[in-house]
Protein chains: 2
Amino acid sequence: MQLNKKVNGTSRTSSREKEEGTEQKIIAAARGIFQRKGMAGARMEEIAKEAGINKALLHYYFRSKEKLFEVIMSEAKMQMLSRLYPILGGDDSLFIKIEKFVESYISFVTDNPLLPGFILHEITMNPEKISEQLIKKGGRPNLSNFFHQVEAEIKRKNIIAVQPEQLFMNMLSMCVFPFVGRPMLQAVMNVNDKKFNQLLAERKKEIPKFIINAIKR
Amino acid sequence: MQLNKKVNGTSRTSSREKEEGTEQKIIAAARGIFQRKGMAGARMEEIAKEAGINKALLHYYFRSKEKLFEVIMSEAKMQMLSRLYPILGGDDSLFIKIEKFVESYISFVTDNPLLPGFILHEITMNPEKISEQLIKKGGRPNLSNFFHQVEAEIKRKNIIAVQPEQLFMNMLSMCVFPFVGRPMLQAVMNVNDKKFNQLLAERKKEIPKFIINAIKR
DNA sequence: TGCACTATTAACCATTTGGTTAAACAATGC
DNA sequence: GCATTGTTTAACCAAATGGTTAATAGTGCA
């Protein structure tokens, strides 16, 4: 038994529908189940079944639940962070950055609605272990660029005084929380799925407007 | 075996330190462990040990893990919601409401930092079952009061046009998210515990200022 | 004092669960 | 063809886990 990932390009088993290869099927299944149930709630058996394979084969590709989990988690973190730094670390003006960031982040999370809750929960369960690599993965944290820019705009009297950290937290909170807290928000506000989706879509424009209103002089 | 909760007032076992009664010790232990590990990650054995009792006694007081979980969850939901409605449903002016709400909510969550993440995660794992009672528990949802007030202020041209739902989501997001996403935020912003606590405390004033700035004409 | 009832425990049980093994199956090179 | 190597499975295993049982200790009260 060895863990060499297979080299095959086109040659496939005589199976009918799948053209992706076992490893990808496993990852896809694991992604879904881990995100839906969390590390503690996920079952190797269920992942195997959803991937259409045997449980033993799961351990043949990924030695343990932890190993498999780490693959999924590391992929998830990278996805989340890779949207974060490029925009905020770029050359745009502050207001443009805010607009681009919110638009990009909400679009992304709309396509991956379970991601934030998954990451946040697991990182809370295991802060040291998971947040250490947060820095390395997905590019070096470039927030200092953004923070300096905020301070510069304050000095130039273009915006009111606000701690960059607070501004960043506000922005991220408003983007991410509605996805993490969706079921609660819908229940509390008594809003159906369609209406809530519409609210989420509108937030791409609403949040930047809100933020810029809040800070501009 | 019966589940009668004991009637004793003062008479206690000859145990040394505890004066709270077994049931309360169990609930305290369960609260901590469920909040830290979640339903799926919690172990009955561990709860028993933390309560200083036998696992069998746990089942003597609360028949099953689910039953015990429901006690904790229902208590948690009530706590969260009981801060929500009274203030927003009250008679204060809009700006005062916002200030009171943010102040009260952040204070509360500061004292119970694991609560939001716990509730949000479990409600996501099991939306139907848990969010149904969200409405009943902790008083009827009084958001319509708040929503009408927002619309009235818009009409009176005291604030700019904004959907009440969006405003509410913004407010709740900024209050709650920093607690749910704390480990991630600290890692990403490279901020130590002390500094982060300070930021959180400052948010009690910062968020209302931010919101009011964003919406006032 | 002894009886009824509650509280508590050690030992036990059945199921679930992550993980392993040995053998069957393909595919590929020679 | 057949040996080699990688892939897949059914069966199995040990530990963990939620839950139960039967016996013990404690307490009030008739």
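In the predicted model, eleven residue pairs are in polar contact between chain B and chain A, both residues at pLDDT 80 or more. Salt bridges are absent: the rule finds zero across the interface of chain B and chain A. The side of chain B that touches chain A comprises 34 nonpolar, ten polar and seven charged residues.

The elements of chain B that give two or more residues to this side are helices. They are H1 (22-41), H4 (65-88), H6 (115-125), H7 (127-136), H8 (143-155), H9 (164-180), H10 (182-189) and H11 (193-215). H9(B) gives the most, with 13 residues.

The size of an interface is often expressed as the accessible area lost when the parts come together. Here, chain B and chain A bury about 4,800 Å² between them. Carbon and sulfur atoms carry 73% of that area. The contact draws 51 residues from chain B and 52 residues from chain A.

Two copies of a chain are related by a rotation about an axis and a shift along it. For this pair, a turn of 180° and a shift of 0.0 Å along the axis lay chain B on chain A. The RMSD is 0.0 Å. This is therefore the relation of a two-fold axis. In chain B, the C-alpha of B:Ala214 is the nearest to the axis, at 1.9 Å. Both copies use the same surface. Of the contact residues of chain B, 100% recur in chain A.

Notes:
Residues are numbered from 1 along each chain as its sequence is written. Chains are lettered from A and ligands numbered from 1 in the order in which they are written. This is a predicted model: local features need pLDDT of at least 70, side-chain atom pairs count only at pLDDT 80 or more; totals for chains, interfaces and linings use all residues. Side-chain values use heavy atoms; hydrogens and water are left out. Copies are superposed by least squares on the C-alpha atoms of residues with pLDDT of at least 70 in both. Contact means heavy atoms within 4.5 Å. Buried area is the accessible area (1.4 Å probe) that two parts lose on being put together, summed over both. A salt bridge is a side-chain nitrogen of Lys or Arg within 4 Å of a carboxyl oxygen of Asp or Glu. A polar contact is a pair of N or O atoms within 3.5 Å; within protein, one must be able to donate a hydrogen and the other to accept it, and residues adjacent in sequence count only if both atoms are side-chain atoms. Helices (H or I, at least four residues) and strands (E, at least two) are DSSP runs, numbered from the N terminus. Ala, Val, Leu, Ile, Met, Phe, Trp, Tyr, Cys and Pro count as nonpolar, Asp, Glu, Lys and Arg as charged, and the others, Gly among them, as polar.
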